[in-house]
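Let's walk through this one together, question by question. Have the sequence and the coordinates open as we go.

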Amino acid sequence: MARRPAPSRRPGRTVRTGRSSGAGRPVTGGSPCPCGGGAPYGSCCGRFHAGAETVGAGATPPTAELLMRSRYSAFVVLDAAYLLRTWDPATRPARLDLAPETRWQGLEILATTDGSAFHTTGTVTFRARFTDDGRPGELHERSRFARHAGAWVYVDGTFLD
């Protein structure tokens with residue numbers, strides 16, 4: 001499968017990626033959560049998306065894996081504000097433009113290292129399937145997470161083959 005080009009992660013740069021509801025249907029509070037966790041979106045990732053506008057306030061994922069899942073779901077529902085809010089300030093782009101032609105179609109968590117309530121850092125290795133203008137693709141990444149102001153944030157990632 002085609003691999004998604006690496007988005008820029010340097011501050012001051014714009015990153016283009018994203019898409020709404022993988023199957024083309026709107027995601028509602030009662031819909032299955034896009035992250036694949038098995039719960040409805042509203043009680044799974046949606047509760048994090050509805051949190052306060054700053055990291056460390058409101059509902060925040062208690063583990064790096066749950067943050068990874070909620071960020072994937074944010075790409076699905078085109079929630080750029082959440083993605084920026086949960087990105088480490090040292091590596092966060094100035095803005096994030098989500099591409100409506102990309103449809104996220106599934107997330108598979110392959111491995112996690114640390115990232116629990118007892119850690120300050122963690123990694124999550126995953127595969128995310130998507131179509132971009134109808135062409136299938138896959139993003140395979142090992143993402144790094146850290147605590148910032150008491151909450152988990154995405155730091156950066158390494159693309160894997």
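Q: In which strand does Leu96 lie?
A: A quick caution before we start: this is a predicted model. The element covering residues 95–98 includes Leu96. That element is strand 3.

Q: Is Leu96 buried or exposed?
A: The relative accessible area of Leu96 is 7%. Buried means under 20%, so with its 7% Leu96 is buried.

Q: What distance separates the C-alpha atoms of Leu96 and Asp79?
A: Along the chain, Leu96 and Asp79 are 17 residues apart. In space, their C-alpha atoms are separated by 9.7 Å.

Q: Which residues touch the most other members of the largest nonpolar core?
A: In general, nonpolar side chains tend to be buried together in soluble globular proteins. Here the largest nonpolar core has 26 residues. Those that touch the most other members are Met68, Tyr72, Leu96, Trp104, Ala128, Leu139 and Phe145.

Q: Which element gives the most to this core?
A: Several elements each supply at least two residues, including helix 3 (80–85), strand 4 (102–114) and strand 7 (151–159). The most, seven residues, comes from helix 2.

Q: How many residues are in the other core, which lies apart from the largest one?
A: Cysteines feature here: Cys33, Cys35 and Cys45 are among the members. Tyr41 belongs to this core too. The number of residues in it is five.

Q: How many disulfides does the structure hold?
A: A disulfide is a covalent bond between the sulfur atoms of two cysteines. For Cys33, the nearest cysteine sulfur is that of Cys45, 3.5 Å away, and Cys33 is in no disulfide. The count for the structure is zero.

Q: Why is the sulfur of Cys35 not bonded to the closest cysteine sulfur?
A: The closest cysteine sulfur belongs to Cys44. A disulfide needs the two sulfur atoms within 2.5 Å. The sulfur of Cys35 is therefore too far for a bond, at 3.7 Å.

Q: What relative accessibility does Cys35 have?
A: Cys33 counts as buried at 7% relative accessibility. Cys35 counts as buried too, and its value is 1%.

Q: Over how many bridges do strand 4 and strand 5 pair?
A: One bridge pair has Ile109 facing its partner Phe126 in strand 5, and another joins Thr112 to Val124. The two strands pair in the antiparallel sense. Their number of bridges is 11.

Q: Which residue in the turn between strand 4 and strand 5 has a positive phi?
A: These two strands form a hairpin with six residues between them. The positive phi is about 80°, and the residue is Gly115.

Q: How many bridges join strand 5 to strand 6?
A: Strand 5 and strand 6 run antiparallel. One of their bridges has Thr121 with Ala146 as its partner in strand 6. Their hairpin has two residues between the strands, and Asp133 takes a positive phi near 55° there. The number of bridges joining these strands is 12.

Q: What pattern does the chain follow along the sequence?
A: The chain has three helices and seven strands. Read along the sequence, the pattern is β-β-α-α-α-β-β-β-β-β.

Q: Over which residues is the pLDDT below 50?
A: The mean pLDDT of the chain is 84, and 80% of its residues reach 70 or more. The stretch in question still has 89 contacts in the model beyond near neighbours in sequence. It covers residues 1–23.

Notes:
Residues are numbered from 1 along each chain as its sequence is written. Side-chain values use heavy atoms; hydrogens and water are left out. Helices (H or I, at least four residues) and strands (E, at least two) are DSSP runs, numbered from the N terminus. Buried means under 20% relative accessible area, exposed over 50%, partly exposed in between (1.4 Å probe, protein chains only). A nonpolar core is a set of buried Ala, Val, Leu, Ile, Met, Phe, Trp, Tyr and Cys residues joined through side-chain atoms within 4.5 Å. pLDDT is the predictor's confidence in each residue, from 0 to 100. Contact means heavy atoms within 4.5 Å. Two strands pair if DSSP finds at least two bridges between them.
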